[in-house]
Amino acid sequence: MSRFLHEKFAALEAYTPGEQPRDRQYIKLNTNESPYPPAPEVVEALNQTDVAELRLYSDPEGKDLKEKLAWYYGCKAENVFLSNGSDDILNFAFLAFGAQGAVFPRPSYSFYPVFAQLHGVPYREVPLKEDFSLDVDKLRGTGCFTVLANPNAPTGLAVGLDAIEKIVVSNPDQVVLVDEAYVDFGGESAAELIHRYPNLLVVMTYSKSRSMAGARLGFALGDRELIEDLEKLKFSTNPYNVNRLTLKLGAAAVDAAPYFVENAKRIMATRERIGVALQGLGFTFPDSKANFLFIRREGLPGETLYRKLKERGVLIRHFSDPALADYNRVTIGTEEEMGAFLKEVRAILEEEGLV
C-alpha cells in the first residue's frame with residue numbers, strides 16, 4: 001500500500017471474490033452464478049436507441065423499475081431502493097444503521113465484517129450451532145444493527161418467517177437486515193413483513209436466480225423512511241448508481257418472472273439429484289435452500305478436493321477459515337456441468353483410495 005492511504009484503512013481485510021482464472025476453460029462452480037442465460041425478454045429488451053442514449057445520464061430514481069418491483073412484491077415504489085448490486089446496499093446499511101454496533105452470524109457472508117471494519121462499526125459475530133443452524137435466540141434483542149443472510153452462505157441453511165419475526169420484534173429500536181440473495185431457491189422471503197415492521201430491511205439481488213450477475217443490480221424493500229435513509233446516502237455519493245441499460249434490463253426481467261422461477265426450479269431439482277449422488281459417495285452437507293451445496297467428505301481434506309478438481313478443470317469454492325477447511329461450496333450448474341463434476345469427484349475418490 002502507499003504511504004498516502006489513511007491509517008484507519010491500513011489493517012482493513014478486504015473481501016476476497018471467487019477466483020476468475022483465465023489460464024484454461026473451466027466449469028465454474030465457485031461463484032454461485034446462474035448456469036442459465038437471462039430470459040429471452042431481457043436479451044431482446046435493448047435496441048439502438050437505448051445504446052445511443054448512453055450519452056444521457058440514467059434516471060437517478062429508477063422510477064420505472066421501482067414500480068415494477070413494487071408491483072411484483074406487493075408494496076409501493078417508495079418501499080423500493082435500487083443499487084449497483086446488493087453489496088452496495090449492505091455497504092450503505094452498515095454506514096447508515098451501525099452507530100450502535102452490529103451483530104451477525106458466523107460463518108456467514110464474509111463481506112459483513114469487511115463493511116463493519118470499513119465504517120468503524122464495532123461488531124459481534126454469533127457462532128452458528130454445531131450443525132450450522134442459526135441460534136435464533138442469540139440474535140434476539142441485540143440492541144444494535146442485526147444482519148443475517150437467509151438462506152445463509154456458505155451453508156445454504158434457511159430459517160422460517162417465524163424466526164425472522166422473533167428477531168425483528170425483539171429489536172424494535174434497531175434495523176434488522178435480512179439478506180435474501182438466495183431466497184428464490186427454496187427459502188421463504190420476509191418481504192411481506194415490511195408492512196408490519198418499520199425496522200425491517202429485506203435485501204435482494206438480480207445476480208442469482210435472475211441470471212444477471214454481470215449487470216450489477218440489487219434492490220431493498222422496507223419502510224418508506226428506511227428507504228429514504230438509503231436514498232440520502234446514495235444521493236450523497238453516486239446518484240446515478242444504476243446505469244440506463246441495467247435499469248431497462250431489470251424491468252424486462254420482472255416482466256419475465258415465469259422464466260426465472262422455472263429456472264430456479266430446475267436448479268433446485270439438480271441440487272437434489274446431485275445431493276443424493278454425493279451422499280452415495282460418502283459426502284455430507286447441510287440441507288441447502290440455495291443454489292449451492294456445502295459439502296464435506298470424511299478422509300478427504302477440503303483443500304485437496306478443491307485443488308484436484310481445479311487441476312481437472314472444475315472450480316469450486318474453498319475457504320481459508322480453519323473452521324470451514326473441511327468443506328467446499330459447490331454451485332449448482334447445468335445437468336451436464338454437474339455430471340462432469342461428479343465424474344471428476346469419483347475419479348479423485350478412487351485416486352485417494354476412498355471408494
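## The seven-stranded sheet

L177 has L201 in β7 as its bridge partner. This pair belongs to the parallel pairing of strand β6 (residues 176-179) with strand β7 (residues 200-205), which extends over four bridges. The model described here is a predicted one. Within it, β6 and β7 take their places in an open sheet of seven strands, ordered β2-β8-β7-β6-β5-β3-β4, and the pairing in this sheet is mixed. Its edge strands, each paired on one side only, are β2 (80-83) and β4 (123-127). From one strand to the next the twist averages 20°.

Helices pack on this sheet. Helix α3 touches β2, β7 and β8 (218-222), and its direction makes about 130° with that of β2. Helix α5 (residues 111-118) lies across β3 (102-106), β4, β5 (145-149) and β6, and runs at about 165° to β4.

## The four-stranded sheet

A further open sheet has four strands in the order β9-β10-β13-β12, with antiparallel pairing. Here the edge strands are β9 and β12, each of which pairs on one side only. Strand β9 (residues 283-284) is joined to β10 by two bridges in the antiparallel sense, and T284 stands opposite R296 of β10. Between β10 and strand β13 (residues 327-331) the antiparallel pairing covers five bridges; F294 has R329 in β13 as its bridge partner. Two bridges connect β12 to β13, again in antiparallel fashion, and the partner of H318 in β13 is N328.

Helix α11 packs on the sheet through contacts with β9, β10 and β13, and its direction makes about 155° with that of β13. Helix α9 (residues 257-280) lies across β9 and β10, running at about 0° to β10. Strand β10 (residues 292-297) is largely enclosed by the rest of the structure, because five of its six residues are buried.

## Helix α10 and the contacts of R24

Helix α10 (residues 302-311) has G302, T304, L305, Y306, K308 and L309 as buried residues. The elements that cover these residues include β9, β10, β11 (314-315), β12 (317-318), β13 and α11 (335-351). Just after α10, G313 adopts a positive phi of about 90°.

R24, in the segment before β1 (27-28), touches K310, E311, R312 and G313, when residues up to four places away in sequence are not counted. The relative accessibility of R24 is 40%, a value between the 20% and 50% limits, so R24 counts as partly exposed. The C-alpha atoms of R24 and I267 are 26 Å apart in space, with the two positions 243 residues apart in sequence numbering.

## The second largest pocket

The second largest pocket has a volume of about 240 Å³. Its lining comprises 14 residues, and D59, D64, R244, L247 and K248 are those nearest its centre. Two elements give two or more residues to this lining, namely α3 (63-73) and α8 (244-255). The greatest contribution comes from α8, with five residues.

By class, the lining of this pocket has seven charged, five nonpolar and two polar residues. Helix α3 therefore appears in two settings, as it gives residues to the pocket lining and also packs on the seven-stranded sheet, with contacts to β2, β7 and β8.

## Internal cavities

The structure contains two cavities of 30 Å³ or more. The largest has a volume of about 60 Å³. It is lined by S58, D59, P60, E61, G62, K66, L82, E231, K234, N241, V242 and L247, which divide into five charged, four nonpolar and three polar residues. D59 and L247 belong to this lining and are also among the residues nearest the centre of the second largest pocket.

The second largest cavity has a volume of about 40 Å³. P37, P38, A39, R210, S211, A253, A256, Y259 and F260 form its lining. Seven of these residues are nonpolar, one is polar and one is charged.

Methods. Residues are numbered from 1 along each chain as its sequence is written. This is a predicted model: local features need pLDDT of at least 70, side-chain atom pairs count only at pLDDT 80 or more; totals for chains, interfaces and linings use all residues. Side-chain values use heavy atoms; hydrogens and water are left out. On a 1 Å grid over the protein atoms alone, a cavity is a set of points where a 1.4 Å probe fits but cannot get out, and a pocket is an open set with protein on both sides within 12 Å along at least five of seven lines; lining residues have an atom within 4 Å of a point. Grid points are joined across faces, edges and corners, and a volume is the space filled by probe spheres set on the points. Ala, Val, Leu, Ile, Met, Phe, Trp, Tyr, Cys and Pro count as nonpolar, Asp, Glu, Lys and Arg as charged, and the others, Gly among them, as polar. Two strands pair if DSSP finds at least two bridges between them. Axes are lines fitted to C-alpha atoms, for helices over the stretch in contact, and angles run from 0 to 180 degrees between N-to-C directions. Contact means heavy atoms within 4.5 Å. Buried means under 20% relative accessible area, exposed over 50%, partly exposed in between (1.4 Å probe, protein chains only).
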